[in-house]
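Colleague: Could you take me through the salt bridges in this one? I'd like a close look at who pairs with whom, and where those partners sit.

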Amino acid sequence: MSHAPVIEQLLDLGLQRIEALVYVAVLERGEAPAGVIIDALQIHREQGYRALKRLVADGLLTQSTKEKKAFFAAVSPEILISRMRAKTELAESIVPYLQELRGVRSQLIQVFEGRDSLPKLLEDILRCTPDKGEYVVLGGVGEGF
């Protein structure tokens, strides 16, 4: 079974590729020693051990010792949701302060270039223009304009 879409989504959540591969491999196995995980993924041992160590430090895996051998198990994947919620709450808590630092500007000058500039410009107009406000485009060249 290919886990490629899930691996890509884990990358979007902030894991490195090797960490995402290791995390999914541990989830599949329930609990396994490092050697089994590394061999299954056919990765360099050092890469595997580093990824396991980071995943344990990040709280996505637990490590236990049985007969002098390190075993790894995944915590509930729901931790990913709680982490994202915590990050969202943190961002929401500091935005008012950051907005205050930014202050109210009477003018803002931005330059949009390239093929994707028109959709970005329209999005910026909708996002930034207050009710009954004004958004002025001073110049534009090319087919889009």
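Modeller: Sure, bearing in mind that this is a predicted model. As a backdrop, buried residues make up 21% of the 145 residues in the chain, and the secondary structure comes to six helices and three strands. In order from the N terminus, the elements go α-α-β-α-α-β-β-α-α.

Now the pairs. Side chains of opposite charge can pair when their charged atoms come close. The structure holds six salt bridges, and three of them are worth walking through here.

Start with lysine 66 and glutamate 31, whose closest N and O atoms are 2.6 Å apart. This pair ties together distant parts of the chain: lysine 66 belongs to strand E2 (residues 61–66) and glutamate 31 to strand E1 (residues 31–33), with their positions 35 residues apart. Buried or exposed? Lysine 66 has a relative accessible area of 38%, so it counts as partly exposed. Glutamate 31, at 36%, is partly exposed too.

Next, arginine 50 pairs with glutamate 46, with 3.3 Å between the closest N and O atoms. Both residues sit in helix H4 (residues 45–57), four residues apart, or about one turn of the helix. Arginine 50 is partly exposed at 42% relative accessibility, and glutamate 46 is partly exposed at 46%.

Finally, aspartate 39 and arginine 45 make a salt bridge with their closest N and O atoms 3.4 Å apart. Arginine 45 comes out at 39% relative accessibility, so that residue is partly exposed.

Terms used
Residues numbered from 1 in each chain as written. Predicted model: local features only at pLDDT ≥ 70, side-chain atom pairs only at ≥ 80, totals over all residues. Heavy atoms only, no water. Helix = DSSP H or I, 4+ residues; strand = E, 2+ residues; numbered from the N terminus. Buried < 20%, exposed > 50% of the residue type's maximum accessible area, 1.4 Å probe, protein only. Salt bridge = Lys/Arg side-chain N within 4 Å of Asp/Glu carboxyl O.
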